[in-house]
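Reader: I would like to go through the reasoning behind a few labels used for this model. Please show the structure, and then I will ask how each label was reached.

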Amino acid sequence: MALVIYDQGYRIQTPVKSMFTPRGVEQMTAAANTAPAGGDKDHEKDHIDQMLLQEAGSQSKGNARKAASAYSETSGSSTPEEHPRSYIPASLIMSHPVQAVLQGSKIQSALYKMKQFDISHLIVLSGTGRLMGVVTEKLLLQYLSTQGAQLHTVEDTIEECYTTKIITATPDTNIRQLAVSCVEHQLTCIPIAQDNGNLTGIITRTDLLQSLINNEWLDSRAP
């Protein structure tokens, strides 16, 4: 189970915490410092629950049902030594196939594809299929609303609109770890890739919220 950084299409060996300064951990640290001995995991769980549920809103429950089924399967088939009871791999709730656009695509094309598939994230690929970054609807709209010397239009390319340094995870990464990473680094999505760099899916904050609403996989207090 691993989190890996890609920067402009290249896998970076530097540890995630060295390149992505945690931005949501101050409150988590404070809570841990005031927690009674032996209660760190419970306080961490409560903090993650609270921060993610604030954004829950109205969500569909398709992936939540998948997570519930996966939880039942893993809790019955794995021993405590192999995985904690709350272990669910990313592969069981990720969205796939991954929707992507090529470098140099027009903003209009990216927005159309997002509307077509009712999504807000697209993977950006090079002409040879390398993972170059992630573009979101929010970034595109921010670019279009920016007032500069030259008017920005949907005919512009996405080249100035996407994030080139991203965190990815492997398909066997526990989704609890992904939730912690989303809180710490304020991520809205995490691409899922094999060790060889091949993309297999994507998990968004919404996917994690759907699973959290089901009240299954973050139960660190389960025996």
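Reader: What volume does the largest cavity have, and what makes it a cavity rather than a pocket?
Author: The model is a predicted one. The volume of the largest cavity is about 40 Å³. A cavity is a set of points where a 1.4 Å probe fits but cannot get out, whereas a pocket is an open set, which is why the word cavity is used. With the cut-off at 30 Å³ or more, the count is 1 cavity.

Reader: Which residues line the largest cavity?
Author: The lining consists of Val4, Tyr6, Arg11, Thr168, Ala169, Thr170, Ala193, Gln194 and Asp195. Two or more of the lining residues come from each of β1 (3–7) and β6 (165–169).

Reader: How many residues of each class are in that lining?
Author: The lining has 4 nonpolar, 3 polar and 2 charged residues. Arg and Asp count as charged, and the lining includes Arg11 and Asp195.

Reader: What makes β3 a partner of β4?
Author: Pairing requires at least two bridges between two strands. Between β3 and β4 (residues 121–125) there are 3 bridges, and these two strands run parallel. They therefore pair under that rule. Ala100 has Ile123 of β4 opposite it.

Reader: Why are β3 and β5 placed at the edges?
Author: The open sheet has 3 strands in the order β3-β4-β5, with mixed pairing. β3 (100–102) and β5 (131–136) each have a single partner strand, so each has one side without a neighbour in the sheet. From one strand to the next, the twist averages 35 degrees.

Conventions. Residues are numbered from 1 along each chain as its sequence is written. This is a predicted model: local features need pLDDT of at least 70, side-chain atom pairs count only at pLDDT 80 or more; totals for chains, interfaces and linings use all residues. Side-chain values use heavy atoms; hydrogens and water are left out. Helices (H or I, at least four residues) and strands (E, at least two) are DSSP runs, numbered from the N terminus. Axes are lines fitted to C-alpha atoms, for helices over the stretch in contact, and angles run from 0 to 180 degrees between N-to-C directions. On a 1 Å grid over the protein atoms alone, a cavity is a set of points where a 1.4 Å probe fits but cannot get out, and a pocket is an open set with protein on both sides within 12 Å along at least five of seven lines; lining residues have an atom within 4 Å of a point. Grid points are joined across faces, edges and corners, and a volume is the space filled by probe spheres set on the points.
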